[in-house]
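Biologist: Let us go through this model together. I will ask how the labels are earned.

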Amino acid sequence: MSKKDIASLVDDRPEDGVFRLHRSVFSDPEIFEMEMKYIFERNWVFLGLDSQVPHPHDYMTTTVGRHPVVVMRDGEGNLNAFINSCPHKGARLCHLAQGNRKIHVCQYHSWSFDSAGRIRGLKFKDDGQYSPAFDNDSHDLAALPRFEVYRGFMFGALSADVLPLSEYLGEARTFIDIAVDTSPQGLELVPGVVGFTFEGNWKLQLENCSDQYHFTSTHPSYLKVLDRRAEKGWEGTVRANVRGRGGRKAMQFPADGLEHIAGGSTSFEHGHNLNWNRRTVNDSHPLFERAEELKERFGEARRDWMFNTRNLTLFPNVQVAENASSQLRIIRPISVDRTEMLTYCIAPVGESAAARAQRIRQYEDFFNPSGLATPDDTINYEDCQDGHLNPVSPWLQGHARGMMLAGPDGDPFIDRLGVKALSSVIGGVELGDETIFHTYYRSWRALLQAGQRADEAAARSQPAPASARLVETVR
Amino acid sequence: MNQALTPAHAAEYLYREAHLLDRQRFDEWVDLYTSDAVYWIPAWKSEHQPTENPETELSLVYCASRNALVDRVWRLSSNLSVASMPLARTAHAVSNVIVEQAGDDTMDLRSSWTSHVYNPKYKSQHVYFGSYEHRLQRVDEGWKIARKKITLMNDFIPTVLDLYMV
Ligand code: FES
Ligand SMILES: [Fe+2]
């Protein structure tokens with residue numbers, strides 16, 4: 001059991017204007033083990049969208065922490081999530097990313113299960129000379145202790161001891177609503193998934209999505225490409241929904257006393273956050289065809305928010321990035337310095353063919369490990385990881401911008417939505433707030449410490465195993 | 001070469017294209033393409049099925065003009081993209097060239113390819129592989145590429161994939 005002093009790695013002293021992270025947060029394998037155990041395997045984790053399993057008997061496979069999971073829709077349309085491992089001897093039950101099956105037959109000894117996870121056939125059971133005790137165990141698939149769906153976003157937990165999902169997501173739910181409400185039929189994933197890896201810690205991805213400060217520094221080639229295209233009249237190229245260098249500062253907002261505000265960042269409890277940029281309602285956005293309809297349904301303020309750039313992180317493993325296009329990202333940590341990403345283009349159901357094609361082109365242009373922007377992000381993660389083991393400068397300086405502004409009531413734009421933020425910061429294009437990261441690490445610290453405490457309590461209530469006692473004696 | 005292509009000439013055309021990528025002669029490479037060329041790397045939608053319709057499904061790269069390729073090539077040597085500094089070193093091998101259709105003005109080819117990619121910064125390497133479908137088209141100066149579809153078989157990508165790596 002780890003005695004690691006987690007609090008000592010997050011130098012969090014708001015009263016002194018200090019927030020610093022120790023680099024080992026990104027590079028210590030022992031911390032990674034704790035994260036898997038205490039965050040990914042004892043807390044809510046995003047699994048996918050329910051529109052990935054729309055029909056009875058559809059299934060999709062995923063992971064929670066280090067463990068294989070399958071989400072299934074049964075014959076009545078109910079969704080459930082199970083450990084994707086046969087109760088007999090553990091063989092993986094479902095092998096494909098997604099599919100449709102009424103009965104799942106295990107390949108190893110042919111036990112079979114229906115789409116509600118119930119055992120339907122135990123091969124040659126009658127001749128098997130099982131003792132009566134065998135049936136004291138359920139032979140059904142093991143359901144995840146918790147599974148809930150919020151507006152199509154499916155979450156599961158390997159521990160029953162978690163908050164209700166609505167409470168866990170809290171005020172961040174409004175930004176799921178804003179994304180989902182862009183269509184009366186909700187969101188879907190455009191067919192085609194893009195997966196990639198990077199040689200860096202998973203929290204580098206978590207942070208980068210919320211990092212406004214990097215944009216003009218990391219992506220000058222992309223911004224310059226946009227300027228080149230604009231000069232050439234966009235002929236044969238993608239018309240982007242973000243601005244190049246020239247257009248960024250020139251954006252005009254209504255003169256309402258807030259026209260100097262370009263965007264901001266907002267933090268919620270349990271590690272969720274949003275950063276955002278103001279956008280005008282204009283036809284470079286695929287949603288423009290619904291601008292009037294959305295205004296009628298949801299009012300102008302909420303409609304305008306649908307056009308804003310919004311990068312939403314739901315801690316710990318999912319991000320909805322709506323900036324150059326709309327992306328759903330699922331983060332899967334593999335080891336302390338390796339991460340897998342699954343990325344999808346997420347889109348409102350029922351948009352016109354032209355809007356959908358525009359969305360997809362904007363997506364490929366910016367995102368994808370083969371796009372014009374994402375590779376420059378991920379290479380940066382690798383270059384950060386490379387330096388995070390050094391013992392000479394263990395404290396990072398990347399979580400301090402915005403300290404003088406952050407507070408609970410700083411954002412009239414968020415107020416228009418009736419959202420209560422934990423902390424907000426707004427400002428001009430050059431603000432690049434970094435206090436948005438604090439909620440990640442405060443939740444991170446709380447979960448790791450809670451895990452340590454729970455394990456210590458469990459250890460106290462049980463006699464130490466014989467082998468451990470032996471070690472004690474020998475010492 | 002303003003004449004019908006023999007299969008041997010067509011295969012050599014593909015080797016020359018790969019050679020220009022490996023030598024990082026990107027301006028010459030992009031000049032192989034017609035102004036309305038389609039350059040397409042589909043994504044995969046399941047274990048068995050690449051995406052088929054770029055208007056409704058996601059691609060890794062979908063460029064519908066030479067201009068779009070010129071932008072990408074510009075970025076590679078702009079010194080403004082950290083993912084392209086330093087550029088990886090690559091060695092393509094194109095093989096199993098099959099002429100699917102040969103007319104006076106167009107020729108459709110299928111082939112297999114591998115590309116060894118070496119990243120000098122981290123001294124790491126990777127092999128991408130898959131199949132090409134080329135449509136060559138006769139133009140005044142000879143033959144150009146009107147369409148290239150790259151099916152990438154190992155589509156779980158280590159950090160970066162760019163035009164010259166596939
Ligand atoms: S492991 Fe599944 S039936 Fe034996
Ligand atoms: Fe970025």
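Modeller: Keep in mind that this is a predicted model.

Biologist: At what angle do helix H9 and helix H10 of chain A pack, and how far apart are their axes?

Modeller: Helix H9 (residues 291–298) and helix H10 (residues 300–307) of chain A pack at about 135°. Their axes lie 7 Å apart.

Biologist: Why are H9(A) and H10(A) called oblique to each other?

Modeller: Roughly perpendicular covers 65 to 115 degrees, and roughly antiparallel means over 145. The angle here is about 135°. It fits neither class, so H9(A) and H10(A) are oblique to each other. Their crossing is right-handed.

Biologist: Which residues make the contact?

Modeller: H9(A) brings Ala291(A), Glu292(A), Leu294(A), Lys295(A) and Phe298(A). H10(A) brings Glu300(A), Arg302(A), Arg303(A), Met306(A) and Phe307(A). They divide into 5 nonpolar, no polar and 5 charged.

Biologist: What makes an empty space a cavity?

Modeller: A 1.4 Å probe fits there but cannot get out. By this rule there are 7 cavities of 30 Å³ or more. The largest has a volume of about 360 Å³.

Biologist: Which residues lie nearest the centre of the largest cavity?

Modeller: His214(A), Phe215(A), Asn311(A), Asn323(A) and Phe366(A), out of 28 lining residues. That lining divides into 9 nonpolar, 13 polar and 6 charged.

Biologist: What volume has the second largest cavity, and which element gives the most to its lining?

Modeller: It holds about 100 Å³ of space. S15(A) gives the most to its lining, with 3 residues. The lining of this second largest cavity has 3 nonpolar, 8 polar and 2 charged residues.

Conventions: Residues are numbered from 1 along each chain as its sequence is written. Chains are lettered from A and ligands numbered from 1 in the order in which they are written. This is a predicted model: local features need pLDDT of at least 70, side-chain atom pairs count only at pLDDT 80 or more; totals for chains, interfaces and linings use all residues. Side-chain values use heavy atoms; hydrogens and water are left out. Axes are lines fitted to C-alpha atoms, for helices over the stretch in contact, and angles run from 0 to 180 degrees between N-to-C directions. Helices (H or I, at least four residues) and strands (E, at least two) are DSSP runs, numbered from the N terminus. Angles under 35 degrees count as roughly parallel, over 145 as roughly antiparallel, 65 to 115 as roughly perpendicular and the rest as oblique. A crossing is left-handed if the near helix is turned anticlockwise from the far one by less than a right angle, and right-handed if clockwise. Contact means heavy atoms within 4.5 Å. Ala, Val, Leu, Ile, Met, Phe, Trp, Tyr, Cys and Pro count as nonpolar, Asp, Glu, Lys and Arg as charged, and the others, Gly among them, as polar. On a 1 Å grid over the protein atoms alone, a cavity is a set of points where a 1.4 Å probe fits but cannot get out, and a pocket is an open set with protein on both sides within 12 Å along at least five of seven lines; lining residues have an atom within 4 Å of a point. Grid points are joined across faces, edges and corners, and a volume is the space filled by probe spheres set on the points.
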